[in-house]
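Here's a quick tour of one model, with a hairpin, some disulfides and a pocket as the stops. Have the viewer open as you read.

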Amino acid sequence: MTRYQKSKVFLHLVTLLCAVRSISGECELSQCSDPSTCSLSQRRTCKCAIGYFGDLCDQVAIMNVTCGKDFISILVDEEFFKYYNVGIEAVHLSNASCRAHREEISGSVYFMVHTPMDQYTACGGKPLEKNITHIVYSLTMMSDPLIYGNIVRDPVVQLEYKCIYPYTRRLSLEFPIISFSSERMFKVSEVDAKVEMSLFKDHTYTEAFTSAPTIKLGDQIYVQIQVTEPEDFFHLKVNECWATQTPQANNKSGFSHSLLVNGCTNDKTTSFGNGTAHPAGRNGEGSTVRYSFDMFRFVYEPHIFYLHCAVHLCTPEDGKSCIPECKTVSKREVVMNEQAQGLLSYGPVRRELPVRPTINLLALVLPLAVIWTLGIFLFVLISIAKAGNRRHMTNS
């Protein structure tokens, strides 16, 4: 199965919407009689309608846009470009470095551009259109512009295509089965977002604690903070994380301990990621942040603690400004949208007490009883022996 075929399966499952707008060459003015295939411009020139090309606007342009979870791709029939004498080397997105390539599918040849979401802005993607129900991505596939002496005109072929991702709220069961976690709703540029913080039992991050965790001193604690709605749109930056003895994040009546400061680790046992070289889970690089640290307790009671994290949501336009600079002493100043910031709290986290050996009273009583019995038995034997010796001496 080719990558395109796999994408088609995914598109069918998620039922996303897409749209294509075509700007192409002129057609025969005398043949422009069907308004469904061509139209006349104000300059009395003939333009083929969207999806058609040819001298008579009678050829259908085969196009397909795939709106994937983490990519957008477009395929256009090679015959469409051949008609306008445009080769594959001249086709690209708004940023000419994001170029098309030829791909053969079931005997047909297409010009294709595959754009990962993390390259959307770099490839010339238009500013996102957002409301409370949808998020719209727009890209443009075009040919190199025509050069007339010392001037340049518009490209021969220009295709604008969009992916419209619905923002859907998930309904909960009447008695849902949920993990023990902390969640918060954000509203950023009219888009509702949900962020959740959970603790997991090991480095695989597959099983979350379903109740207040109890962890041994020295064992690792695995924390995951994730944008759960909408998926794979916002990037997440964790600015600060700290532990307190009380549920209130800023309560100064007890002790506190900082784990993350300015998006960087502040505890020698704390580390980001999932334990591998893969960037999944690193701070500011995606919609999920994972970090771990060694279990501890405060010197004085109570020995439980609550975990608090201040987080910030970044849009694709924020780019690298969402990623903390932790190797330099001076931190980069970034102007942040206040509505995109929030606080998550989790707890309590309890220390697992060491198992103390129990005293078995029965095990102590039995040996003592045996010793007493033997002592009495020996005392009786000795008494009998002494009495016998006295009789023997008297008879003598």
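Strand 7 runs into strand 8 by way of a 3-residue hairpin (strands are DSSP E runs of at least two residues, numbered from the N terminus). The two pair antiparallel over 5 bridges, where pairing takes at least two DSSP bridges between strands. Thr66 has Ser73 of strand 8 as its bridge partner. In strand 7, residues 63–67, 4 of the 5 residues are buried (under 20% relative accessible area with a 1.4 Å probe, protein chains only; exposed is over 50% and partly exposed in between).

A word on the source: this is a predicted model, with local features needing pLDDT of at least 70 and side-chain atom pairs 80 or more, while totals for chains, interfaces and linings use all residues. Numbering starts from 1 along each chain, and side-chain values use heavy atoms, leaving out hydrogens and water.

On to the disulfides, meaning cysteine sulfur pairs within 2.5 Å: the whole structure has 5. Here are some of them.

| Pair | S to S |
|---|---|
| Cys98–Cys123 | 2.0 Å |
| Cys241–Cys309 | 1.9 Å |
| Cys264–Cys326 | 2.0 Å |

The Cys241–Cys309 link is right-handed, at 115 degrees about the S-S bond. Cys241 sits in strand 21 and Cys309 in strand 26, so this pair ties together parts 68 residues apart in sequence. Both Cys98 and Cys123 are buried, and their link is left-handed at -85 degrees. The Cys264–Cys326 link is also left-handed, at -90 degrees. Cys264 is buried at 8% relative accessible area, whereas Cys326, at 44%, is partly exposed.

Key:
Helices (H or I, at least four residues) and strands (E, at least two) are DSSP runs, numbered from the N terminus.
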